[in-house]
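Work through the exercises below with the sequence and the model side by side. Each task is followed by a solution in steps.

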Amino acid sequence: MNELNPATPRSTLQQLGSVLWPSFFAAAVAAALFFSLVDPLKLAAVSLPDHAISREFGYTLGFLLLWLATASASAFTALLLRPRKDDNAGIDFE
């Protein structure tokens, strides 16, 4: 099987890795930029005044939410880039 063939099926682990790994790095950069400007304790005081959270929990929650957002965007892109089953009908890649 030709590995350069775009229609080559990928394993579930490869597909998951191709979504989660880049989104992890994007979330890390976004979190670093966001939290360089915003203090999680001040954000919590404005958004959740009835709940006491630690600064570390704020950083963790913020990173996980950013990772969820970037993973969703990456997953949607991966979904749009999947070839249709009938796209390669009659085409010989060798």
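Buried means under 20% relative accessible area, exposed means over 50%, and partly exposed lies in between. The model is predicted.

**Exercise 1.** Describe the overall build of the chain from its secondary structure and surface.

Solution. Start with the elements: the chain has three helices and zero strands, in the order α-α-α from the N terminus. Next take burial: of the 94 residues, 15% are buried. Then take the surface: about 7500 Å² is exposed, and carbon and sulfur atoms supply 68% of that area. Last, look at the contacts with a separation of 6 or more: 67% of them join residues 24 or more positions apart.

**Exercise 2.** Classify tryptophan 21 and phenylalanine 25 as buried, partly exposed or exposed.

Solution. Tryptophan 21 has a relative accessible area of 55%. The cut-off for exposed is over 50%, so tryptophan 21 is exposed. Phenylalanine 25 has a value of 43% and is therefore partly exposed.

**Exercise 3.** Find the aromatic pairs and assign a geometry to the pair of tryptophan 21 and phenylalanine 25.

Solution. A search of the whole structure gives eight aromatic pairs. In the pair of tryptophan 21 and phenylalanine 25, the centres are 4.9 Å apart and the planes meet at 85°. Planes over 60 degrees apart count as edge-to-face, so this pair is edge-to-face. Both residues lie in helix α1 (residues 12-37), four residues apart, about one turn of the helix.

The pair of phenylalanine 63 and tryptophan 67 has 5.8 Å centre to centre and 40° between the planes, and it is tilted. These two residues lie in helix α3 (residues 55-81), also four residues apart and about one turn of the helix. Tryptophan 67 is partly exposed at 25%, whereas phenylalanine 63 is among the buried residues of α3. Trp21, Phe24, Phe25, Phe63 and Trp67 form one aromatic cluster.

**Exercise 4.** Is serine 23 buried or exposed, and which residues does it touch?

Solution. Serine 23 is found in helix α1. Its relative accessibility is 1%, so serine 23 counts as buried. Leaving out residues up to four places away in sequence, serine 23 touches Trp67, Thr70, Ala71 and Ser74.

**Exercise 5.** Compare the expected span of α3 with the model, then list its buried residues and their packing partners.

Solution. The expected span is 1.5 Å times one less than the number of residues. For the 27 residues of α3 this comes to 39 Å, and the end C-alpha atoms are 39 Å apart, so the two agree. The buried residues of α3 are Gly58, Gly62, Phe63, Thr70 and Ala71, and they pack against α1 and α2.

Phenylalanine 57 is also found in α3, but with a relative accessible area of 46% it is partly exposed. Together with Leu61, Leu65 and Leu68, Phe57 makes a nonpolar surface patch of about 390 Å².

**Exercise 6.** How many salt bridges does the structure hold, and which residues form a salt bridge?

Solution. The structure holds one salt bridge. Aspartate 39 and arginine 55 form it, with their closest N and O atoms 3.0 Å apart. The pair links distant parts of the chain, 16 residues apart: aspartate 39 is in the loop between α1 and α2 (40-47), arginine 55 in helix α3. Aspartate 39 is partly exposed at 24%, and arginine 55 is partly exposed at 34%.

Note on methods:
Residues are numbered from 1 along each chain as its sequence is written. This is a predicted model: local features need pLDDT of at least 70, side-chain atom pairs count only at pLDDT 80 or more; totals for chains, interfaces and linings use all residues. Side-chain values use heavy atoms; hydrogens and water are left out. Rings of Phe, Tyr and Trp (its six-membered ring) pair if their centres lie within 6.5 Å; planes under 30 degrees apart count as stacked, over 60 as edge-to-face and the rest as tilted. Buried means under 20% relative accessible area, exposed over 50%, partly exposed in between (1.4 Å probe, protein chains only). Patches are made of residues with over 30% relative accessible area and no salt bridge: like charges are joined within 9 Å, nonpolar side chains (Val, Leu, Ile, Met, Phe, Trp, Tyr) within 5 Å. Accessible areas come from the Shrake-Rupley method with a 1.4 Å probe; for residues, only the protein chains shown count as cover. A salt bridge is a side-chain nitrogen of Lys or Arg within 4 Å of a carboxyl oxygen of Asp or Glu. Contact means heavy atoms within 4.5 Å.
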